[in-house]
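Please open the model in your viewer and keep the sequence panel visible beside it. The tour proceeds by selections, each followed by a short account of what is found there.

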Amino acid sequence: METFNFYNELVSLQGPLNRFAMRLTSDYDDAKDLTQDTFLKALAFREQFADSTNLQAWAYTIMKNTFINQYRKRTRENMYLDKSANLFFLSQNSKTHQATPESTYHEKEITMAINSLENEFRVPFMMHVEGYKYKDIADILAVKIGTIKSRIFFTRKKLAKALPGYH
């Protein structure tokens with residue numbers, strides 16, 4: 001399929017994708033964001049689309065997977081690791097946490113440590129923190145997946161060394 005035809009067909013799917021996103025999220029703004037993320041990913045991975053397949057099904061799959069990944073990310077963000085001997089994961093309501101001067105200071109310190117990293121380590125690490133999977137990071141950065149895994153691992157080690165009181 002030619003690039004122009006691909007774009008036209010993708011744009012023609014905006015209505016059905018908006019409705020599907022609304023069913024998934026039950027929120028107008030979240031549905032619009034999900035649709036936009038789906039379009040961005042479809043355009044970014046256009047070369048992976050096989051011409052003989054159904055573009056609508058491909059776009060729906062991208063949207064469903066994006067929604068699931070975002071849901072999992074939000075769930076992880078709302079988990080708290082109890083430091084007791086039995087190490088329970090507890091669900092936390094993110095609205096119960098208020099920023100304190102101390103937490104703001106720590107956040108700035110962590111951000112400075114991350115920003116001091118070289119791009120080859122910082123970029124994959126931040127993408128991983130944002131919820132991208134190793135394979136997606138490798139595809140976007142055009143690097144082997146093993147390289148991405150090792151860079152994220154070494155970044156964690158560097159940050160643990162730079163921020164000794166945080167791990």
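In which helix is Glu 9 found? Glu 9 is found in helix 1, which comprises residues 3-12. Before selecting this residue, please note that the model is predicted.

**Overview**

Display the whole protein as a cartoon. Eight helices and two strands are present. Read from the N terminus on, the elements run α-α-α-α-β-β-α-α-α-α. If the 167 residues are coloured by accessibility, 24% of them count as buried.

**Stop 1: Glu 9 and Leu 55**

Select Glu 9 in helix 1. This residue is partly exposed, with a relative accessible area of 35%. Now add Leu 55 to the selection and draw the C-alpha to C-alpha distance: the two residues are 7.7 Å apart in space, although 46 residues apart in sequence.

**Stop 2: the loop before helix 3 and the acidic patch**

Move to Ser 26, in the loop between helix 2 (14-25) and helix 3. What is the sign of phi at Ser 26? The phi of Ser 26 is positive, about 60°, although the residue is not a glycine. Most residues other than glycine have a negative phi. Ser 26 counts as exposed, because its relative accessibility of 61% is over the 50% cut-off.

Next, select Asp 27, Asp 29, Asp 30 and Asp 33, and show their side chains. Together they form a negative surface patch. One of these residues, Asp 30, lies in helix 3, which spans residues 28-44. Asp 30 counts as partly exposed, at 41% relative accessibility.

**Stop 3: helix 6**

Select residues 119-129, which make up helix 6. Which residues of helix 6 are buried? Phe 121, Pro 124, Phe 125 and Met 127 are buried there. Viewed down the axis of helix 6, the buried residues fall within an arc of 160°, so they line one face of the helix.

Val 123 also lies in helix 6. With a relative accessible area of 32%, Val 123 is partly exposed; it is not classed as buried because that term requires a value under 20%. A C-alpha to C-alpha line from Val 123 to Ile 148 gives 10.0 Å in space, for a pair 25 residues apart in sequence.

Continue to Gly 131, just after helix 6, where phi is positive at about 110°.

**Stop 4: the salt bridges**

How many salt bridges does the structure hold? It holds three. Side chains of opposite charge can pair when their charged atoms come close.

Begin with Glu 118 and Lys 158, which form a salt bridge whose closest N and O atoms are 3.1 Å apart. Glu 118 lies in the loop between helix 5 (101-115) and helix 6, while Lys 158 belongs to helix 8 (residues 145-162), so the pair ties together parts that are 40 residues apart in sequence. Both partners are partly exposed: Glu 118 at 41% relative accessibility, and Lys 158 with a relative accessible area of 32%.

Then select Arg 151 and Glu 120, another salt-bridged pair, whose closest N and O atoms are 3.6 Å apart. This pair links distant parts of the chain, with Arg 151 in helix 8 and Glu 120 in helix 6, 31 residues apart. Glu 120 counts as partly exposed, at 41% relative accessibility.

Finally, select Lys 135 and Asp 139. The closest N and O atoms of this salt bridge are 3.1 Å apart. Where do the two partners lie? Both lie in helix 7 (residues 134-141), four residues apart, or about one turn of the helix. Is each partner exposed or partly exposed? Lys 135 is exposed, with a relative accessible area of 52%, whereas Asp 139 counts as partly exposed at 32% relative accessibility.

**Stop 5: Ala 142**

The tour ends in the loop between helix 7 and helix 8, where Ala 142 is located. Select this residue and inspect its backbone. Ala 142 has a positive phi of about 55° although it is not a glycine. Ala 142 is exposed, with a relative accessible area of 72%. For a last view, display Ala 142 together with Ser 26, which likewise has a positive phi, of about 60°, without being a glycine.

Notes
Residues are numbered from 1 along each chain as its sequence is written. This is a predicted model: local features need pLDDT of at least 70, side-chain atom pairs count only at pLDDT 80 or more; totals for chains, interfaces and linings use all residues. Side-chain values use heavy atoms; hydrogens and water are left out. Patches are made of residues with over 30% relative accessible area and no salt bridge: like charges are joined within 9 Å, nonpolar side chains (Val, Leu, Ile, Met, Phe, Trp, Tyr) within 5 Å. Accessible areas come from the Shrake-Rupley method with a 1.4 Å probe; for residues, only the protein chains shown count as cover. A salt bridge is a side-chain nitrogen of Lys or Arg within 4 Å of a carboxyl oxygen of Asp or Glu. Lys and Arg count as positive and Asp and Glu as negative; His and the chain ends are not counted. The place of a charge is taken as NZ of Lys, CZ of Arg, CG of Asp or CD of Glu. Buried means under 20% relative accessible area, exposed over 50%, partly exposed in between (1.4 Å probe, protein chains only). The arc is that of the directions from the helix axis to the C-beta atoms.
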